[in-house]
Amino acid sequence: MKVTVEADKCVAAGQCVLLAPEVFDQRDEDGVVILLDEMPAVGHHDAVRESAMVCPAAAIHLAER
């Protein structure tokens, strides 16, 4: 799985960080998403998929490999 984010679309809801803190973080100043791991381990895939599904801005994109 490869993860990409569109930071300019992010509304700083933080759901991704709550679901997959190993893969996502938020900037301190405005809460915008930071991608920590664009190729997460298999054990994180379900949480990353859920993060993408619940993102209110649809700013998380996944490419399954």
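Select Val32 in this predicted model. Val32 sits in the loop that joins β2 (24-26) to β3 (33-35). Is Val32 buried or exposed? With a relative accessible area of 10%, Val32 is buried, because the cut-off for that class is under 20%. To see what surrounds Val32, display Ala7, Cys10, Ala12, Asp25, Gln26 and Arg27; Val32 touches each of these, residues up to four places away in sequence being left out of the count.

Two distances from Val32 may be drawn next. The C-alpha atom of Val32 is 8.2 Å from that of Gly14, and the two residues are 18 apart along the chain. A second C-alpha line, from Val32 to Ile60, spans 12 Å, with the two positions 28 residues apart in sequence numbering.

**The loop between β1 and α1**

Follow the first of those lines to Gly14, which belongs to the loop between β1 and α1. Gly14 counts as buried, its relative accessibility being 10%.

Now select Ala12, one of the residues that Val32 touches. Ala12 lies in the loop running from β1 (2-5) to α1 (15-19). Which feature of the backbone deserves attention at Ala12? Its phi is positive, at about 60°, although Ala12 is not a glycine. Ala12 has a relative accessible area of 29% and is therefore partly exposed.

**The cavity**

Display the internal cavities. How many of 30 Å³ or more does a search of the whole structure find? The search returns one. The largest cavity holds about 100 Å³ of space. Its lining consists of 16 residues, and those closest to its centre are Cys10, Ala13, Gly14, Cys16 and Cys55. Two residues of this group have a link to Val32: Cys10 is in the list of residues that Val32 touches, and Gly14 is the partner in the 8.2 Å C-alpha separation. Colour the lining by residue class: twelve of the residues are nonpolar, four are polar and none is charged.

**Helix α2**

Move to helix α2, which covers residues 45-54, and select Ser51 within it. Ser51 has a relative accessible area of 0% and is therefore buried. Which residues are in contact with Ser51, neighbours within four places in sequence aside? They are Cys16, Leu19, Ala20, Phe24 and Ile60. Cys16 has already appeared among the residues closest to the centre of the largest cavity, and Ile60 was the far end of the 12 Å line from Val32. A further C-alpha line can be drawn from Ser51 to Thr4: the separation is 12 Å, for residues 47 apart along the chain.

His45 is also placed in helix α2. At 11% relative accessibility, His45 counts as buried. Show Met1 and Pro40 beside His45, since both are touched by His45 when residues up to four places away in sequence are not counted.

**The loop between α2 and β4**

Continue to Ala58, in the loop that connects α2 to β4 (60-63). Ala58 has a positive phi of about 50° although it is not a glycine. Its relative accessibility of 39% means that Ala58 counts as partly exposed.

**The whole chain**

Clear the selections and show the protein as a cartoon. How many helices and strands are there? The protein has two helices and four strands. What order do they take along the sequence? The pattern reads β-α-β-β-α-β.

Finally, consider the overall dimensions. The C-alpha trace extends over about 30 × 20 × 15 Å along its principal axes. The radius of gyration is 10 Å, which agrees with the value near 11 Å that a compact globule of 65 residues would have. Switch to a surface display: the accessible surface comes to about 3,900 Å², and carbon and sulfur atoms account for 51% of that area. Of the 65 residues, 32% are buried; Val32, Gly14, Ser51 and His45 are among them. A contact map completes the tour: of the contacts between residues at least 6 apart in sequence, 58% join residues at least 24 apart.

Terms used. Residues numbered from 1 in each chain as written. Predicted model: local features only at pLDDT ≥ 70, side-chain atom pairs only at ≥ 80, totals over all residues. Heavy atoms only, no water. Buried < 20%, exposed > 50% of the residue type's maximum accessible area, 1.4 Å probe, protein only. Contact = heavy atoms within 4.5 Å. 1 Å grid on protein atoms, 1.4 Å probe; cavity = no way out; pocket = protein on both sides within 12 Å on 5 of 7 lines; lining within 4 Å. Points joined across faces, edges and corners; volume = space filled by probe spheres on them. Nonpolar A, V, L, I, M, F, W, Y, C, P; charged D, E, K, R; others polar. Rg over C-alpha atoms; globule rule 2.2 N^0.38 Å. Areas by Shrake-Rupley, 256 points an atom, 1.4 Å probe, with all protein chains shown as cover.
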